[in-house]
Amino acid sequence: EEYIYFEQNVRADTKSGYRALADAVIVDYRKNTMESDAPVDVKGPGGTLKAQGFLVQEGGDHLTFKKQTHSVIRDKSGDVTVTSQNGLFVDRVKRVITAVGSAVVRQDNRTLKGDKIVLYYTENPDDRLKKIEAFGHVSAETPTERITGDQGNYDPKAGLVDMTGNVHVYQGSTHLTAPKARMNLKTGVHSLIQDQSTAGAGRVKGTLIPAEVK
């Protein structure tokens, strides 16, 4: 049948320094795949990852981590935690990580949520993450404010979120709406942008409730 079935304390090591542990793994030489439906624990120089199974395709160029996942990506700007309910997909050729299903990205006290979150990374350990995109029911949060929209782009180094589509900004009792907004999660400074192509409907609107002036 041209496959090998490994079970109990299965360990796989990569040349790049990663180690994966699972209780059952099937290596299929016809399909050039390695797969497991058992929980897997991965550790390496770039971070850690836990999932409910995995699929390695095309010699390791494409990785699928199944169901609920929890991973930590080491980055110079601060470790980034990524969780998802419906899997994590890694394209090592394009250097793209996709988290699907109630995806959450956390860095320090900053949180980005979405139905799907796409992370673009490099092999440089000092500059691991370039950009993060979120799609569907997107929210970006700090302890003092929250911004929601249809799509968001996050720069982890600068701490900037660009949000588009039905944007709402909440800060205490203050509530603002706009077609587009930029939020600095490090400083709390926001820029709300009017849509020049749409009269009236594309304007910045809201209610401002200032804090007590001392």
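Along strand 4, which covers residues 40-44, the side chains alternate between two faces: Val40, Val42 and Gly44 point to one face and are buried, while Asp41 and Lys43 point to the other and are not buried. The model described here is a predicted one.

**Strand 4 and its partners**

Strand 4 pairs with strand 2, made of residues 19-28, and the two run antiparallel, joined by 3 bridges. Within this pairing, Ala20 has Val42 of strand 4 as its bridge partner, and Val42 is one of the residues whose side chains point to the buried face. Strand 4 also pairs with strand 5, residues 47-51, again in the antiparallel sense, and here there are 5 bridges. In that pairing Val40 stands opposite Ala51 of strand 5, and Val40, like Val42, has a buried side chain. Strand 4 and strand 5 together form a hairpin, with 2 residues between them.

**Salt bridges**

Side chains of opposite charge can pair when their charged atoms come close. In this model the count comes to 11 salt bridges, and the table below gives three of them, with the distance between the closest N and O atoms and the relative accessible area of each residue.

| Pair | N to O distance | Relative accessible area |
|---|---|---|
| Lys66 and Glu35 | 2.8 Å | Lys66 18%, Glu35 33% |
| Arg110 and Asp108 | 3.7 Å | Arg110 7%, Asp108 59% |
| Glu133 and Lys131 | 3.3 Å | Glu133 13%, Lys131 35% |

What does the salt bridge between Lys66 and Glu35 tie together? Lys66 lies in the loop between strand 7 (62-65) and strand 8 (69-73), whereas Glu35 belongs to strand 3 (residues 33-36), so the pair ties together parts that are 31 residues apart in sequence. Lys66 counts as buried because its relative accessible area of 18% falls under the 20% limit, while Glu35, at 33%, is partly exposed.

In the pair formed by Arg110 and Asp108, Arg110 is buried, with a relative accessible area of 7%, and Asp108 is exposed, since its value of 59% is over the 50% limit. In the salt bridge that joins the side chains of Glu133 and Lys131, Glu133 is buried at 13%, and Lys131 is partly exposed at 35%. Elsewhere, salt bridges with shared partners join Glu1, Asp28 and Arg30 into one network.

Conventions. Residues are numbered from 1 along each chain as its sequence is written. This is a predicted model: local features need pLDDT of at least 70, side-chain atom pairs count only at pLDDT 80 or more; totals for chains, interfaces and linings use all residues. Side-chain values use heavy atoms; hydrogens and water are left out. Buried means under 20% relative accessible area, exposed over 50%, partly exposed in between (1.4 Å probe, protein chains only). Helices (H or I, at least four residues) and strands (E, at least two) are DSSP runs, numbered from the N terminus. Two strands pair if DSSP finds at least two bridges between them. A salt bridge is a side-chain nitrogen of Lys or Arg within 4 Å of a carboxyl oxygen of Asp or Glu.
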